Amino acid sequence: MKFTIAYLYYDLLNLYGENGNIKILKKQLEHQGISVSIKFLTIDDELDFDQYDLVYIGAGTEHNQKIALKHLLKYKEQIKEAIENDKFFLVTGNAIELFGKYIYDKNKKKHKALDIFKFTVKEEEFRMIDEAIFKTDLIDQEVIGFQNQNSVIKDNLKYPLFTVIKGIGSYPNSTKEGIHYRNFYGTYLIGPIIGRNPELLKYFVRTLIKSKNPNFKFKSFDLKLEYEAYQHFINKFYRDIITIN
């Protein structure tokens, strides 16, 4: 079995070590005996979403985000079709904003986005910065992540990925964060989120593989260090011991 991962705008949207999401996902897929090919793609490349099993986009500066958006808009209809056909997308940081209706920058300029999901974004003068913890229906374990947002989503999210335990949602006073629709997973959380949350990592590996082979026989995951790092963070910052099985 082979997986092809499209790492979009690796050179533009690459802040906060977010490429760690791809590195650890590749490692764990290969641990299960899966051959993994990563396509590093940017604004000089043609995109063919039929060729990718997973599309990943990470966080970047507001300036680079707009450069990537201009290129991505050419593929608006293909992206809509891919999402509706259950293509896997993992989108982190301010890349989630690309999939809304509009982005209003600090100069009040309106940037048309992909209009996949019906929300608008406004860049603010303040930043929302915090270590955060959430719960999700995907796994039993709480999800940890780092928030560093210069923008807020101005609408209620119809398909939230996370519910706030500590931190903030996609806008101030919101209890919801991110988007989960079909096989689209989008979140402002960085860290990288897959590397910091071993149960979430296992969820993605299993879900990706089962999409091609529902009867796949999984090997045991070797994530001892990842669990120890997760538990250390929980104990240090939240003082609530979560038992790791």
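## Close-up views of a predicted model

**View 1. Tyrosine 9 and tyrosine 16 in their loop.** Tyrosine 9 sits in the loop that runs between strand 1 and helix 1 (19-31). Please keep in mind that this is a predicted model. Tyrosine 16 belongs to the loop between strand 1 and helix 1 as well. Which sign does phi take at tyrosine 9? Phi of tyrosine 9 is positive, near 60 degrees, in a residue other than glycine. Tyrosine 16, again a residue other than glycine, has a positive phi near 65 degrees. For background, most residues other than glycine have a negative phi. Tyrosine 9 has a relative accessible area of 1% and is therefore buried, a label that requires under 20%. Tyrosine 16, at 39% relative accessibility, counts as partly exposed.

**View 2. The peptide bond before proline 192.** Here we look at the loop between strand 12 (184-187) and helix 4 (193-196), where proline 192 is found. Is the peptide bond from glycine 191 to proline 192 cis or trans? The bond is cis, with omega near 0 degrees. As a reminder, most peptide bonds are trans.

**View 3. A salt bridge within helix 1.** The structure holds eight salt bridges, and this view shows the one between glutamate 30 and lysine 26. Their closest N and O atoms are 2.6 Å apart. Both residues lie in helix 1, four residues apart, or about one turn of the helix. In an α-helix there are 3.6 residues a turn, so residues three or four places apart point the same way. Glutamate 30 is partly exposed, with a relative accessible area of 37%, and lysine 26 also counts as partly exposed, at 26% relative accessibility.

**View 4. Aspartate 53 and lysine 212, a salt bridge across the chain.** In this pair, the closest N and O atoms are 3.2 Å apart. The salt bridge links distant parts of the chain, since aspartate 53 is in the loop between strand 2 and strand 3 while lysine 212 is in helix 5 (residues 198-212), 159 residues apart. Lysine 212 counts as partly exposed, at 41% relative accessibility.

**View 5. Arginine 196 and glutamate 131, another link between distant parts.** Arginine 196 forms a salt bridge with glutamate 131, and the closest N and O atoms are 3.4 Å apart. Arginine 196 comes from helix 4 and glutamate 131 from strand 7, with their positions 65 residues apart in the chain. Which of the labels buried and partly exposed fits arginine 196? At 18% relative accessibility, arginine 196 counts as buried, because that label covers values under 20%. Glutamate 131, with a relative accessible area of 23%, is partly exposed.

**View 6. A negative patch on the surface.** Four residues, Asp48, Asp50, Glu77 and Glu81, form a negative surface patch. Aspartate 50 is placed in the loop between strand 2 (35-41) and strand 3 (54-57). With 68% relative accessibility, aspartate 50 counts as exposed.

**View 7. The buried side of helix 2 and its cover.** Which residues are buried in helix 2 (residues 62-72)? They are Asn64, Gln65, Lys66, Ala68, Leu69, His71 and Leu72. Several elements help to cover these buried residues. Among them are the strands 1 (2-8), 3, 5 (102-104), 6 (110-112) and 7 (120-135), together with helix 3 (76-84).

**View 8. Lysine 110 in strand 6.** Strand 6 is where lysine 110 is placed. Leaving out residues up to four places away in sequence, lysine 110 touches Tyr102, Ile103 and Tyr104. At 45% relative accessibility, lysine 110 counts as partly exposed. From C-alpha to C-alpha, lysine 110 and lysine 23 are 35 Å apart in space, and they are 87 residues apart in sequence.

**View 9. Isoleucine 153 and its contacts.** Isoleucine 153 has its place in strand 8 (residues 143-153). Is isoleucine 153 buried or exposed? With a relative accessible area of 1%, isoleucine 153 is buried. Setting aside neighbours within four places in sequence, isoleucine 153 is in contact with Phe119, Thr120, Val121, Ser170, Tyr171 and Tyr188. Lysine 101 lies 52 residues from isoleucine 153 in sequence and 11 Å from it in space, C-alpha to C-alpha.

Note on methods
Residues are numbered from 1 along each chain as its sequence is written. This is a predicted model: local features need pLDDT of at least 70, side-chain atom pairs count only at pLDDT 80 or more; totals for chains, interfaces and linings use all residues. Side-chain values use heavy atoms; hydrogens and water are left out. Patches are made of residues with over 30% relative accessible area and no salt bridge: like charges are joined within 9 Å, nonpolar side chains (Val, Leu, Ile, Met, Phe, Trp, Tyr) within 5 Å. Accessible areas come from the Shrake-Rupley method with a 1.4 Å probe; for residues, only the protein chains shown count as cover. A salt bridge is a side-chain nitrogen of Lys or Arg within 4 Å of a carboxyl oxygen of Asp or Glu. Lys and Arg count as positive and Asp and Glu as negative; His and the chain ends are not counted. The place of a charge is taken as NZ of Lys, CZ of Arg, CG of Asp or CD of Glu. Helices (H or I, at least four residues) and strands (E, at least two) are DSSP runs, numbered from the N terminus. Buried means under 20% relative accessible area, exposed over 50%, partly exposed in between (1.4 Å probe, protein chains only). Contact means heavy atoms within 4.5 Å.
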